[in-house]
Each structure stands twice: as C-alpha cells, then as structure tokens.
Amino acid sequence: MFTDKITALYCRLSNDDDLQGESNSITNQKAILKKYADDNGLGNTQFYVDDGFSGTNFNRPDFMRMMEDVKSGKIGTIITKDLSRFGRDYLMTGQYIEMVLPDYDVRYIAINDNVDTLRSENEMMVFKNVFNDWYARDCSKKIKAVFKAKGQSGKPLGKPPYGYKKSETDKNVWNVDDEAAEVVRRVFQMCIDGYGPSQIAKALRNDNILIPTAYEQSKGKGGTRPFRNPTYWGEQTINKMLDRIEYAGHTANFKTKKKSYKNKKKIDNPKSEWQIFENTHPAIISQHDFDLVQELRKNKRRIQKCEEVNPFSGMVYCADCGKKMYLCRAKSINTDQEHLKCGTYAKRKDECSAHFIRTVVLEELVLSELRKITTYVREHEEEFVELAMQNSIQKQSAELKAAKKRLVQSEKRVSELDKLFTRLYEDNVSGKISDERFKMMSKNYEAEQKELRQIIPELSQFIEASEQKNADTAQFIGIVCKYSEIPKLTPEIMHEFIEKIVVYAPDKSNGHRTQQIDICFRFNVMTATITADSMVYDKKRKAA
C-alpha cells in the first residue's frame, strides 16, 4: 500500500489548442495546476504531460502511464486545468471520471469547470463534456474542409514519398532527392527486368541500402527511434513503391480517409475517389516505364526456383477456355523441355483439352514475328499506321457500338425507375396497392437500380478506353524506335510490344502436328496469326 499517494497534475495540448495561444500552453497549464495543488495542501505532485495529442484519443502515452499508476494504487488525486484537458469524448470522459476513477478511490478535479468529485455532485459536468465533444467534432469538420480545399487545388496533402523532399522555400513543392531517387529508379528497372518484389527487396538488403524510414532519420528527420535492422527491405515496401503514381510526376490526393473524428484509423479510398493532378512535380520514373510496370504487375508471376524469369509468365492464354496457361519448368528438366500448358485441363480434365506448347518453340516464333513487324514499321510507317487504324476500328466498332447502346439504355432505365418509385409510393399512399406489395416491388426496383448504377461507370470507362486506343498507334511506333534490333526476348520487350498470346489446340488431321498461335500486339494495332510447325510469317492480319 502507498501511504503518501501521488497528486497527478495532468496536462494535454493538441495542435488545435495551439491556435488559442498561450492560455492552453503546457507551461501555463503546469503553473495553474502547481499553484492550485500548493494552495490546497495537495502534496507529492507529479506531472503527466501529453503534448500534441487530440482529446478524442485516449491512447496518449502519459495518460496511459497515469492510468497504470491509478490501477497500481499510486495516485490519490488527478487535477486538470479543465474537463477538456482530460478528454473531448463525452462517453469516455464520463466513464473514466464517474466509473473508473471512483473504483480506485481517486479524486478528480477540473479547476476552471469547478468539478471536484470529493466535494460536489457535479451535475453540470455531463453537459460540459458534451460541449467539449461537440467542439472536437466542429474542429474536425473545419479541418476537413481546409484539407479538402487544399487537396482539390492540386497541392499535395501528405508528406513527400521516398525519393522526394520538400522545397526549402515552399512546403507544397516537391524536389527530387537524388540519392533516394536512384534507389527508386533501380526498383522500377528491376521490376521491368522481370524481378519480383521479394527478389528486389533481397537485392537491396544485400547492398545494405537504408530503408525509407531509416534513410529519413539519417537526414535528421523522422524521429530518433532505433531500428533493429535499418537495411531490411520488405516485400510490402517494394509493392507500395511500385504502386505510387507520384513517381511519374503526378499528385494523387484523397487516397485515404479516417473513419471519424474519434477513430483516427486510416482506410483506403477506392481509386475512383482519388483526385489526380498530372505533372505537378519532377518525375523520377517516366510515364512509359510507370505504365509498363503496372502492366507487368497485372500478370504477377509466382516465384520460380530457376533464377531467370520466363518472359511468357502470365502472358499466354488458352484459346478454348480463355484461362492463362501456366509455365512448367524445373531444374530437373532442360530448357528444351520447358513448356506452357492449360491450367484448366490440369485441374478439371473434362473442361478443356490437354494442349501445350514448348517455350523454346514459342520464343522462336514470337522473336521472329517481332523482328519482322519492327522492320516493317520502320520501313513502311505510313502504311502500318493506316493498317493499324483499320484493325483497331474494325475490332472496336461492334463492341463500342454495343457498349454505347447499352449505356444509353441503362441511363434511361435508371431515370424510369426514379419515376416508378414515385408512382409506386403514391399508389401505396392512396391504397391502390398494399404495403406488402409495395415493399416487394420497391425492393426489386432498388436492386435493379443498384445494379445499373454499377454498370454505368464500367460502360463509360470501357467506351473511353476504347476510343483512346484509336490514337495509340503513335505510341507503338515510338516503342519500335527504341529498339534498333531485338537479340533476345525479355519480359520488358514482351510487355512493351505484346498484350497477350493465344495458343490453340494442335491440329493433327493432315498427319503432322500444327498449332495456331495469335500474337495480340499492344494498343490494339494488330494480331499476327502464325503456326508452330512451319514458322512461316502469315501476312494476313486480323483485328485483335
């Protein structure tokens, strides 16, 4: 038992309280609390201070330390300047003052609010706590409004990601941090070269490169907490880095939100709610390389025991079932035996056929086709542009027309349903239809309207993307110009030129095995159809 219990003098200051000036400063609170304790004969005083913590958050370091001392029987009295210093959540504040502290025989005093649990009933305390809670809610709304206005103006809301630093003259301007930017470029290039996040992280660990938080600390920022291993890069860190559109020179605001002014936990917003402002700061990664990395990451490859990444991983599809064909390779088989096979057949033999293709054959076919088409583009650019545009229009015209028609119908139906809801409600009020009938019909209408409202943005996005593809031929030509020759097929080259490869089941009707392969080039420029037995380039190109 403690005979000389502590008089806890608790001080709290949040960033919002700072705006009110010196009256709520920690120094001022300490002076008021100490004087009150001395004047009222409350000895053995000890300060507990939380500087920079919101009153709606009760996970404050010194508040929790004080409550541990309460539960240990060390504290006899707690004094604060007012109730709001203790907390601004009226439910939690009331629970602590009226239930928790009395259980441990702890007296509570709020000087400016005339609250003393030993000497009065404190009838007005609950109203003061509600007002303090309302104040926190009101401050939260005002801060959100300021942040929203700032975010909508294109200014960055968060701190610069690894690779950037704030300008010394304007905190809303990001400059490239050359040292960290080199690491970012290396990460993106390794991804383009076919390495996965775990392999990239391992390479950075082996080279003893500081992780972002440790690097920030080495520059005199980011606190002083020690790191167990400041060079241990994790796969998650690499994933986040590869996803950040900021590295392409764009600002992305409203990527996250907080659940409420009381619950500070951040949750991710869907990408449809992001606001992206292009070319707001210097790019570390070119737009082409950033887009290429996103394309590569769509076709995530599982880690292979072999060190070399196969360029066909995630790119080859079965013509019959439409599913991806998976790579069969191992150290126990040589390169000539590696092959791609239909994944559906491997799991459910009755749903597809057992066709496969060896990777060496596919590589030779694709490499030959790439060399031919790049040579053709360089030598006959105008003819290629005309051919590519024709193919693009042919493929998209039917799909685009159908999508536009469905979009008009969906929007019209949503409008019709709004009118039907109104009419249905009026019929129910007038007694023309029963309540049961009204509930059933309105439920069906609501379900239909909900489904249509999900379809409409998807159709709009498809139409926009399809129309954009008609103008992408020039980008394909730009990629061709990057390569004077293609000596080897790499994951980077595959994803820059090719959208997907479709493999058909082999045909043995004429006595020997032939196999059709469609190579669908990116940007919808064309599809080349070739056969696996003859290696003959088929000049007939059909729409992708």
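# Exercises on a predicted model

Thr 231 is found in the loop between helix H9 (212–218) and helix H10 (235–243). The model that holds this residue is a predicted one, and the exercises below start from Thr 231 before they turn to sheets and cores.

## Exercise 1

Decide whether Thr 231 is buried or exposed, and then describe its surroundings.

Step 1. A residue counts as buried when its relative accessible area is under 20%. Thr 231 has a relative accessibility of 14%, and therefore it is classed as buried.

Step 2. Turning to the neighbours, and leaving out residues up to four places away in sequence, we find that Thr 231 touches Arg 205, Asn 208, Ile 209, Leu 210 and Ile 211.

Step 3. There is also a polar contact, in which the side chain of Thr 231 meets the side chain of Asn 229 at 3.0 Å.

## Exercise 2

In what order do the 5 strands of the open sheet with mixed pairing stand, and which of these strands are at the edges?

Step 1. The order is E2-E1-E3-E4-E5. Strand E2 (45–51) and strand E5 (115–116) each have a single partner strand, so they stand at the edges, and one side of each has no neighbour in the sheet.

Step 2. Strands of a sheet pair through backbone hydrogen bonds, in either a parallel or an antiparallel sense. Strand E1 (residues 6–13) pairs with E2 in the parallel sense, over 7 bridges.

Step 3. Within this pair, Arg 12, whose place is in strand E1, stands opposite Asp 50 in E2. Arg 12 has a relative accessible area of 0% and is therefore buried, while a polar atom of its side chain lies 2.9 Å from the backbone oxygen of Phe 53.

Step 4. To finish the picture, add helix H3 (residues 61–71), which lies across E1, E2 and strand E3 (75–80) and runs at about 145° to E2.

## Exercise 3

Describe the open sheet that 3 strands form in the order E13-E14-E15, and find the helix that packs on it.

Step 1. The pairing in this sheet is antiparallel. Strand E13 (325–328) and strand E15 (356–358) stand at the edges, because each has a single partner strand and is left with one side lacking a neighbour in the sheet. From one strand to the next, the twist averages 25°.

Step 2. E13 and strand E14 (residues 339–342), which run antiparallel, are joined by 4 bridges, and Cys 328 stands opposite His 339 in E14.

Step 3. The helix is H13, which touches E13, E14 and E15 as it packs on the sheet, with its direction at about 75° to that of E15.

## Exercise 4

Which residues touch the most other members of the largest nonpolar core, and which helix gives this core its largest share?

Step 1. The core has 38 residues, and those that touch the most other members are Phe 312, Leu 362, Val 366, Leu 370, Phe 497, Ile 498 and Ile 501. Helix H13 (residues 359–379) supplies the largest share, with 9 residues.

Step 2. Take Leu 370 as an example: setting aside neighbours within four places in sequence, Leu 370 is in contact with Ile 486, Leu 489, Ile 493, Phe 497, Ile 498 and Phe 521.

Step 3. A second core, separate from the other, has 36 residues, among them Ala 203, Leu 242, Ile 245 and Phe 290.

Step 4. For the protein as a whole, buried residues make up 41% of the 544 residues, and of the contacts between residues at least 6 apart in sequence, 62% join residues at least 24 apart.

Notes:
Residues numbered from 1 in each chain as written. Predicted model: local features only at pLDDT ≥ 70, side-chain atom pairs only at ≥ 80, totals over all residues. Heavy atoms only, no water. Pairing = 2+ DSSP bridges. Helix = DSSP H or I, 4+ residues; strand = E, 2+ residues; numbered from the N terminus. Contact = heavy atoms within 4.5 Å. Axes fitted to C-alpha atoms, helices over the stretch in contact; angles between N-to-C directions. Buried < 20%, exposed > 50% of the residue type's maximum accessible area, 1.4 Å probe, protein only. Polar contact = N/O pair within 3.5 Å; in protein donor to acceptor, adjacent residues only side chain to side chain. Core = buried A, V, L, I, M, F, W, Y, C linked by side-chain atoms within 4.5 Å.
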